[in-house]
Every structure is written in C-alpha cells, then in structure tokens.
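Visitor: I have a structure open here and have not looked at it before. Can you walk me through it?

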Amino acid sequence: MELKLILEAILFSAQKPLTVKELREVFGNAPSHAEGDETVRALKKVKEAELSAALAELARDHEAARRTYRLACVADAWQFVTEPEYAPWLKALVGHRVRPPRLSPPGIETLTIIAYRQPITRAEIEQVRGVNVDGVMQTLLERGLIEQKGRAEVVGRPMTYGTTPLFLEYFGLRSLDDLPAGDELRRIVVQKPEALVTAEPGLVTVPPEQLNLPTDEPVAEAKAEADAEAAAPLAAQGEAIEPEREPEQ
C-alpha cells in the first residue's frame with residue numbers, strides 16, 4: 001500500500017488541517033487499531049521527511065489530474081480544498097459565510113512591515129511608517145495576526161512583535177518563505193537603540209545617569225512609497241479583517 005494513498009485517506013477523512021507532526025502521530029497510533037497487520041506496523045516509525053515527500057507527490061498528482069479539488073498546505077498544515085471557480089455552487093449548498101471587512105491601508109502597511117522585518121519593535125515600525133501605530137497594533141493583536149515574540153537586547157528591553165500562524169492562514173501562505181518579494185521594504189534603514197551597556201563583563205548595568213547614549217534623530221524621510229510598493233502584493237492575496245478602530249495620527 002502506497003504511503004501517499006494512506007495520507008490521502010487520512011486527509012480526506014480529517015475534520016481539520018493536519019501538520020506533518022500530527023500525521024506522524026496518526027501512523028504511530030495506527031498499530032493499536034490493526035493487530036497483526038505488518039504493513040501498519042512497518043509504517044509506525046515512518047519519518048517526517050518521508051511524509052513530507054509523499055505529501056508533495058500527492059499534491060502534484062492532484063494538480064496534474066485537474067480535478068475540482070486539490071491538496072494545499074497552509075500554515076504548515078495539509079488539507080483538501082476546492083478550486084475557487086466552484087465557489088458559487090458551494091455557497092448555494094452550505095450558505096455564504098460573512099467575512100470581516102478588509103484591513104485598511106494603514107493596517108496592511110503595518111502588517112507588511114512586521115511580516116518582512118520580524119522580530120521588530122513598535123518604535124522600529126514607527127520609524128519605517130513615520131506615524132504612531134498604537135491603534136493599528138492593538139487591532140492586529142486582537143485579531144491574532146501578530147503576537148509578542150520576546151524582548152530586544154537593547155536599552156529599555158522593548159517588546160518585539162512577529163506574525164502568527166493565523167496570519168499565514170489569512171493570506172493562504174504555507175510559510176513566511178512564500179511571502180511576495182519585499183526587497184524595497186527590507187532595504188529601509190532602521191536606527192536601532194544601543195545595546196545594553198555594562199561597566200565590566202559580569203557586572204550589573206551602569207545606572208542610567210552614567211550612560212552616554214546618542215540622542216534620537218528623526219528619520220530623514222517617510223518612505224511611504226516603499227511601504228506602499230511592498231504592501232501591495234500582500235494586500236492583493238489577503239483575506240479581509242476588521243479595520244482599525246482608532247484613526248492614524
């Protein structure tokens with residue numbers, strides 16, 4: 001029995017998308033439901049690399065067959081999905097699900113900056129955008145599209161932010177490697193704060209009054225054109241979510 005056919009049966013019957021790790025657990029538990037079946041026992045220790053290769057081959061098979069559905073990987077989880085052109089008949093069958101409104105342009109721009117430059121602090125985002133992003137960040141956090149990733153190793157230890165698996169689902173991406181090209185956005189220079197200063201290795205941080213830190217300097221230009229260019233391809237393939245509740249400042 002081919003590995004890819006077993007995977008096809010599992011995914012066809014699954015009630016949710018499954019990651020390779022979850023599929024591996026299914027194979028590990030299968031022998032308890034089929035005593036004496038050598039094929040099932042032989043696949044108990046199948047490697048994740050073998051599963052990934054079989055899934056990729058299965059996806060190619062369905063694509064070549066040009067059927068009404070295909071095997072897709074979104075946010076590192078695999079599932080069967082119908083082709084978009086059959087949406088009208090499926091909506092008539094199951095009903096039309098109301099989608100939240102789309103992100104506003106400021107939301108798309110902020111989310112794009114975070115996606116391409118994560119982990120990134122709020123201050124660095126504001127350097128690139130040239131405006132306050134408090135309201136936009138709050139909306140993105142509430143919608144689960146971004147999350148706190150830790151603290152930057154600089155003075156003040158500000159919180160850093162990055163995208164979530166839900167972000168990948170909204171934009172139909174398998175991973176961050178599938179993001180559209182954003183070379184212009186990545187080339188924007190962001191002035192980072194100085195790293196933590198200590199008097200000697202192993203000692204506590206020097207008191208603030210003894211620190212000789214450079215004064216903040218404003219960013220030379222807003223770079224709005226680069227923001228818009230980088231955000232456009234991501235906005236085009238995104239799903240809709242609620243716009244910010246607070247106006248941009």
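Guide: We can go through the overall make-up, then the sheets, the helix packing and the cores. One point before that: this is a predicted model.

Visitor: Fine. How many helices and strands are in the protein chain?

Guide: The protein chain has 11 helices and six strands. It holds 249 residues, and 33% of them are buried.

Visitor: And the contacts, what share comes from residues 24 or more positions apart?

Guide: Counting contacts in the protein chain with a separation of 6 or more, 61% are between residues 24 or more positions apart.

Visitor: Let's do the sheets. In what order do strands 1, 2 and 3 sit?

Guide: The order is 1-3-2, in an open sheet with antiparallel pairing. Strand 1 (18-19) and strand 2 (69-74) are at the edges with a single partner strand each, so each has one side without a neighbour in the sheet.

Visitor: How many bridges are there between strand 1 and strand 3?

Guide: Two bridges, in the antiparallel sense, with strand 3 covering residues 77-82. Thr19 has Ala77 in strand 3 as its bridge partner.

Visitor: And how many join strand 2 to strand 3?

Guide: Six bridges, and those two strands also run antiparallel. Arg70, for instance, is paired with Val81 in strand 3. Strand 2 and strand 3 form a hairpin with two residues between the strands, and Ala75 there has a positive phi near 55°.

Visitor: Which helices lie against that sheet?

Guide: Helix 1 packs on it and touches strand 1, strand 2 and strand 3, with its direction at about 70° to that of strand 3. Helix 4 lies across strand 2 and strand 3, and runs at about 145° to strand 2.

Visitor: So helix 1 and helix 4 both touch strands. How do the axes of helix 1 and helix 4 sit relative to each other?

Guide: The axes of helix 1 (residues 3-13) and helix 4 (residues 48-65) come within 9 Å and cross at roughly 75°. An angle of 65 to 115 degrees counts as roughly perpendicular, and helix 1 and helix 4 are therefore described that way.

Visitor: Which residues of helix 1 and helix 4 meet?

Guide: On the helix 1 side they are Leu3, Lys4, Leu7, Glu8 and Leu11, and on the helix 4 side they include Glu50, Leu51, Ala54, Leu55 and Leu58. The residues of this contact divide into seven nonpolar, one polar and five charged.

Visitor: What about helix 1 and helix 2, how do their axes cross?

Guide: The axes of helix 1 and helix 2 (residues 20-29) come within 12 Å and cross at roughly 105°. Helix 1 and helix 2 are therefore roughly perpendicular too. Leu3, Ile6, Leu7, Ile10 and Leu11 in helix 1 meet Leu23, Val26 and Phe27 in helix 2. That contact has eight nonpolar residues, no polar and no charged.

Visitor: Back to Leu51. Is Leu51 buried or exposed?

Guide: Leu51 is buried, with a relative accessible area of 0%. It is found in helix 4. Leaving out residues up to four places away in sequence, Leu51 touches Leu3, Leu7, Val20, Leu23, Arg24, Phe27 and Val46. The C-alpha atoms of Leu51 and Lys4 are separated by 8.0 Å, although the two are 47 residues apart along the chain.

Visitor: Different topic. Which residues touch the most other members in the largest nonpolar core?

Guide: That core has 24 residues, and the ones in question are Leu111, Ile114, Ile125, Met137, Leu140 and Phe167. Among the elements giving two or more residues to this core are helix 6 (105-117), helix 7 (122-129) and helix 8 (134-142). Helix 6 gives the largest share, six residues.

Visitor: What does Ile125 touch?

Guide: Thr110, Ile113, Ile114, Ile120, Val133 and Met137, again not counting residues up to four places away in sequence. Apart from this core lies another, of 19 residues, among them Leu3, Leu7, Leu23 and Ala59.

Visitor: Last one. In what order do strands 4, 5 and 6 sit?

Guide: The order is 4-6-5, in an open sheet with antiparallel pairing. The edge strands are strand 4 (120-121) and strand 5 (146-151), each pairing on one side only. Five bridges join strand 5 to strand 6, and Gln148 stands opposite Tyr161 in strand 6. Helix 6 packs on this sheet, touching strand 4, strand 5 and strand 6, and its direction makes about 95° with that of strand 6.

Methods: Residues numbered from 1 in each chain as written. Predicted model: local features only at pLDDT ≥ 70, side-chain atom pairs only at ≥ 80, totals over all residues. Heavy atoms only, no water. Axes fitted to C-alpha atoms, helices over the stretch in contact; angles between N-to-C directions. Helix = DSSP H or I, 4+ residues; strand = E, 2+ residues; numbered from the N terminus. Parallel < 35°, antiparallel > 145°, perpendicular 65-115°, else oblique. Contact = heavy atoms within 4.5 Å. Nonpolar A, V, L, I, M, F, W, Y, C, P; charged D, E, K, R; others polar. Core = buried A, V, L, I, M, F, W, Y, C linked by side-chain atoms within 4.5 Å. Buried < 20%, exposed > 50% of the residue type's maximum accessible area, 1.4 Å probe, protein only. Pairing = 2+ DSSP bridges.
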